[in-house]
Amino acid sequence: MADAPFYLRPLGFLYGDAAKGALSDGLALPLAGGPIAFTAAELIPGRAGNGERRLVPAKDLAGSRDADIAAVLARLAGLRPPFAGLALDRPLLMGIVNVTPDSFSDGGLYDKTEGAVMHAAALAKAGADIVDIGGESTRPGSDAVQEADERARVIPVLEGLSGFRAAISIDTRKASIARAAAKAGAKIFNDVSALTYDPASLAAVAETGLAVVLMHAKGEPKTMQDDPRYDDVVLEVFDYLAARIAAAESAGIDRARTAADPGIGFGKTLAHNLALLASLSLFHGLGVPLLLGASRKRFIGGVSGGETPQSRDPGSYAAAIAGAAQGVQMFRVHDVAGTRQALAVWHEGVRGGTV
Ligand code: 7PJ
């Protein structure tokens, strides 16, 4: 797929009553269908071009007769249908359940089926809309896991969650695990390789009807943090995700079943991660719901203290707020209750006195 001729990065966000007023006065456009509105966008020339970046008011974009601008705006501003049956009109929380002996933040704590089921139930009680069950650690430096081991870790947990109230997501790179998970009730295939690791994955999604999260990663977990380089990380990650969404569509996977994730920490330096966080709004131009996974990741320690994953929760809340402020719809987090509280207070603080 050709790289985009240009990109639009929405800026100048309005919330609550202010957003409604500006939308009805034609001074703003809805971000991914709203309720957030944006009043301007940075127009970024394509990677092959050499023009300058410039800020364009939303009302000039809306009045533009350029067909390419209209096409990007339609994707940026269009309402997203529910994802895996979940309405996207408020931030959704995906709680993390690691069923791995070596997961970096809660290593070994939840490696037994019963413990994992109980942890998932606690996350749902704390307000998780989705629980993400993973049996293969993909943290930097980790080794791949055999299919049989991964299956033995995660499938009993899914079986233990039958009738569960939160939607179940399976964090795997393997088509056979995703298929077995779908049979055991999973609704979402969360693939950090964006359906590239296993050649059978595109067909598995097409045939099972699973929703899918396509995440950007550069390289394999084992080596991905060995000096990753990009010319422009934001635009390269965008083009990669656009290409993966197109590949999924060609394989018969409807866009409505697809979400995208820039993959914080997957083949990225601190500067790369921060550039992505600051430009999340641009990714709405993919035309699909966005998921952000920043919880307890190492970049938080790089910004401000936080040597251990357990000490990075305040930074994790702040990263979720940075995403929510840019209209990101889903957050993959360890501390569901804490993130929920942070997002709820932020939301009240920016609504503008709606009663
Ligand atoms: C992510 C993930 C993420 C999505 C992991 C960790 C490493 N899936 N799985 N996004 N991270 N979609 O939790 O630190 O960022 S595993």
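Start with the open sheet: select its 8 strands, which follow the order β10-β9-β8-β7-β6-β5-β12-β11 with parallel pairing. At its edges you will find β10 (258-261) and β11 (291-292), each of which pairs on one side only. Keep in mind as you go that this is a predicted model.

**Stop 1: strand β8**

Now select residues 188-191, strand β8, and show the side chains. Ile-188 and Asn-190 point one way, while Phe-189 and Asp-191 point the other way. Are these four residues buried or exposed? All of them are buried. The pattern is a familiar one: in a regular strand, side chains alternate between the two faces of the sheet.

**Stop 2: the neighbours of β8**

Add residues 167-171, strand β7. This strand pairs with β8 in the parallel sense, over 3 bridges. To find your way along the pairing, look for Ser-169, which stands opposite Ile-188 of β8. Then move to Asp-171, whose bridge partner in β8 is Asn-190.

Next, select residues 211-215, strand β9. Here 4 bridges make the join to β8, and the two strands again run parallel. Pick Asp-191 and look across to Leu-214, its bridge partner in β9.

**Stop 3: the helices between these strands**

Show the ribbon from β7 through to β8 and follow the path over helix α6 (residues 175-183): together the three elements make a right-handed β-α-β unit. Carry on from β8 over helix α7 (residues 201-208) to β9, and you have traced another right-handed β-α-β unit.

Stay with α6 for a moment and display its side chains. Which of its residues are buried? They are Ala-175, Ile-177, Ala-178, Ala-180 and Ala-181. What do these buried residues pack against? Their neighbours are α5 (147-160), β7, β8 and α7. Before leaving, step just past the end of α6 to Gly-185, which takes a positive phi of about 110 degrees.

**Stop 4: Asp-171 again, and its salt bridge**

Go back to Asp-171 and add Arg-332. The two form a salt bridge, with the closest N and O atoms 3.2 Å apart. Asp-171 belongs to strand β7 and Arg-332 to strand β12 (residues 330-333), so this pair ties together parts that are 161 residues apart in sequence. Asp-171 has a relative accessible area of 8%, and Arg-332 has 17%. Both count as buried, because the cut-off is under 20%.

For a larger group, select Glu-136, Glu-150, Arg-173, Lys-174 and Glu-220: salt bridges that share partners join these residues into one network.

**Stop 5: two more salt bridges**

The structure holds 20 salt bridges. Another one to visit is that of Arg-9 with Glu-42, where the closest N and O atoms are 2.9 Å apart. This pair links distant parts of the chain, with Arg-9 in strand β1 (residues 6-14) and Glu-42 in strand β3 (residues 37-45), 33 residues apart. Both Arg-9 and Glu-42 are buried.

Now select Lys-20 and Asp-17, whose side chains meet in a salt bridge at 3.9 Å, N to O. Both residues lie in helix α1 (residues 16-24), 3 residues apart, about one turn of the helix. An α-helix has 3.6 residues a turn, so residues three or four places apart point the same way. Switch on the surface to see how this pair is placed: Lys-20 counts as exposed at 56% relative accessibility, whereas Asp-17 is partly exposed at 35%.

**Stop 6: a nonpolar patch on the surface**

Keep the surface on and select Leu-270, Leu-274 and Val-303. These residues form a nonpolar patch with about 230 Å² of accessible area together. Val-303 lies in helix α10 (residues 298-303), and the residue is exposed, with a relative accessible area of 53%.

**Last stop: Ser-311**

Finish in the loop between α10 and α11 (313-325), where Ser-311 is found. Ser-311 is partly exposed, with a relative accessible area of 37%. Draw a C-alpha to C-alpha distance from Ser-311 to Ala-28: how far apart are they in sequence and in space? The answer is 283 residues in sequence and 39 Å in space.

Note on methods:
Residues are numbered from 1 along each chain as its sequence is written. This is a predicted model: local features need pLDDT of at least 70, side-chain atom pairs count only at pLDDT 80 or more; totals for chains, interfaces and linings use all residues. Side-chain values use heavy atoms; hydrogens and water are left out. Buried means under 20% relative accessible area, exposed over 50%, partly exposed in between (1.4 Å probe, protein chains only). Two strands pair if DSSP finds at least two bridges between them. A crossover is right-handed if, with the strands pointing away from the viewer, the path from the first strand over the helix to the second runs clockwise. Contact means heavy atoms within 4.5 Å. Patches are made of residues with over 30% relative accessible area and no salt bridge: like charges are joined within 9 Å, nonpolar side chains (Val, Leu, Ile, Met, Phe, Trp, Tyr) within 5 Å. Accessible areas come from the Shrake-Rupley method with a 1.4 Å probe; for residues, only the protein chains shown count as cover. A salt bridge is a side-chain nitrogen of Lys or Arg within 4 Å of a carboxyl oxygen of Asp or Glu.
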